[in-house]
Amino acid sequence: MKDETTALLKEEIQNRLGKKITLGRDCTELSNQILKTTRRTVSSTTLKRFFGIVNGSFKPSKYTLETLAIFLGYEDWDTFQKTTKENHDSPADDNTWTTLKKRIQRVTEGSMTSLKLKTKYDPEKFLLR
C-alpha cells in the first residue's frame with residue numbers, strides 16, 4: 001500500500017503543477033513552489049530522487065512526505081494516507097464525492113497558480129472575470 005500511496009502522491013503533485021516532473025529544473029521549480037506554499041524546504045535533489053530522475057534506492061523521509069502532503073493541501077502525511085486508504089477501500093458515497101470535489105478544487109487551484117506563474121500574472125494590471 002505504501003508504494004501505491006507514494007505513487008498517488010507523485011501523481012497528485014504532477015496534477016497540481018499541470019505537468020510531469022521529468023527534468024531537474026522541474027524539481028527546482030517544485031522546490032521553490034513548496035517553499036512558497038508551505039514555508040518548508042525540500043531540496044531539488046530530494047525531489048529528483050523522489051520522482052526517479054536520479055537513479056538509486058530512495059526512501060523519502062517522514063519530513064519529505066509530510067511536506068509534500070501539506071503542499072497538496074492535506075493536514076499532514078497521515079491524513080493523506082488515511083484519505084487515500086478510505087478512497088481505495090470504500091465504495092462511492094456522499095463522503096467520497098465531497099472528497100473528490102475537494103481534490104478537484106485543489107487541482108484547479110494548483111493549475112491556476114501554475115498559469116499565473118507561467119504568464120507572470122499581476123493582479124494590479126489584469127482583472128480576473
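Where does Arg39 sit, relative to H2 and helix H3 (44–50)? Arg39 is in the loop between those two helices. In this predicted model, Arg39 is a handy place to start, and we'll come back to it after a look at the whole chain.

**The overall picture**

The chain has six helices and zero strands, so reading from the N terminus the elements go α-α-α-α-α-α. Of its 129 residues, 33% count as buried. As for who touches whom, take the contacts between residues at least 6 apart in sequence: 53% of them join residues at least 24 apart.

**The loop residue Arg39**

Back to the loop after H2. Arg39 is exposed, with a relative accessible area of 76%. Its backbone is worth a glance too: phi of Arg39 is near 60 degrees, a positive value in a residue other than glycine. For background, most residues other than glycine have a negative phi. Gly73, which follows H4, also has a positive phi, near 105 degrees.

**How H2 meets H4**

Helix H2 covers residues 24–38 and helix H4 covers residues 62–71; the two pack at an angle of about 75 degrees, with their axes 10 Å apart. That angle makes H2 roughly perpendicular to H4. On the H2 side, the contact is made by Leu30, Gln33, Ile34, Thr37 and Thr38, while H4 brings Thr67, Leu68, Ile70 and Phe71. Sorted by class, the contact of H2 with H4 has five nonpolar, four polar and no charged residues.

How many of the ten residues of H4 are buried? Seven are, so H4 is largely enclosed by the rest of the structure. The buried residues in H4 are Thr64, Leu65, Glu66, Thr67, Leu68, Ala69 and Phe71.

Thr67 deserves a closer look. This H4 residue is buried, with a relative accessible area of 0%. Leaving aside its neighbours within four places in sequence, Thr67 is in contact with Ile34, Thr38, Arg40 and Val42. Two of those names, Ile34 and Thr38, also belong to the H2 side of the H2–H4 contact. Thr67 also brings us back to the opening residue: the C-alpha atoms of Thr67 and Arg39 are separated by 9.3 Å, though the two are 28 residues apart along the chain. Put side by side, Thr67 is buried at 0%, whereas Arg39 is exposed at 76%.

**Two spots on H6**

Helix H6 runs over residues 94–119 and holds Leu117; Thr108 is in H6 as well. Is Leu117 buried, exposed or partly exposed? With a relative accessible area of 39%, Leu117 is partly exposed. Thr108 counts as partly exposed too, at 39% relative accessibility.

Leaving aside its neighbours within four places in sequence, Leu117 is in contact with Gln33 and Lys36. Gln33 is one of the H2 residues in the contact with H4, and here it turns up again as a partner of Leu117 from H6.

The C-alpha separations mentioned so far, and one more for Thr108, fit in a small table.

| Residues | Apart in sequence | C-alpha to C-alpha |
|---|---|---|
| Thr67 and Arg39 | 28 residues | 9.3 Å |
| Leu117 and Gln33 | 84 residues | 9.9 Å |
| Thr108 and Leu17 | 91 residues | 9.8 Å |

**Rings and charges**

Now for the aromatics. The structure holds three aromatic pairs. One of them is Phe50 with Phe51, an edge-to-face pair at 5.1 Å centre to centre, with 90 degrees between the planes. Both partners are tucked away: Phe50 counts as buried at 3% relative accessibility, and Phe51 counts as buried at 13%.

Why is the pair of Tyr74 and Phe80 edge-to-face? The planes of the two rings are at 90 degrees, and over 60 counts as edge-to-face; the ring centres are 4.9 Å apart. Tyr74 and Phe80 are both buried. Trp77 joins in here, as Tyr74, Trp77 and Phe80 form one aromatic cluster.

Two rings also have a charge sitting over them. The charged end of Lys10 sits over the ring of Phe50, 5.2 Å from its centre, and Phe50 is the buried residue paired with Phe51. The charged end of Arg16 sits over the ring of Phe71, 4.2 Å from the ring centre. Phe71 has come up before: it is among the buried residues of H4 and takes part in the contact with H2.

Key:
Residues numbered from 1 in each chain as written. Predicted model: local features only at pLDDT ≥ 70, side-chain atom pairs only at ≥ 80, totals over all residues. Heavy atoms only, no water. Phe/Tyr/Trp six-rings, centres within 6.5 Å; stacked < 30°, edge-to-face > 60°. Buried < 20%, exposed > 50% of the residue type's maximum accessible area, 1.4 Å probe, protein only. Lys NZ or Arg CZ within 6 Å of the ring centre and 35° of its normal. Axes fitted to C-alpha atoms, helices over the stretch in contact; angles between N-to-C directions. Helix = DSSP H or I, 4+ residues; strand = E, 2+ residues; numbered from the N terminus. Parallel < 35°, antiparallel > 145°, perpendicular 65-115°, else oblique. Contact = heavy atoms within 4.5 Å. Nonpolar A, V, L, I, M, F, W, Y, C, P; charged D, E, K, R; others polar.
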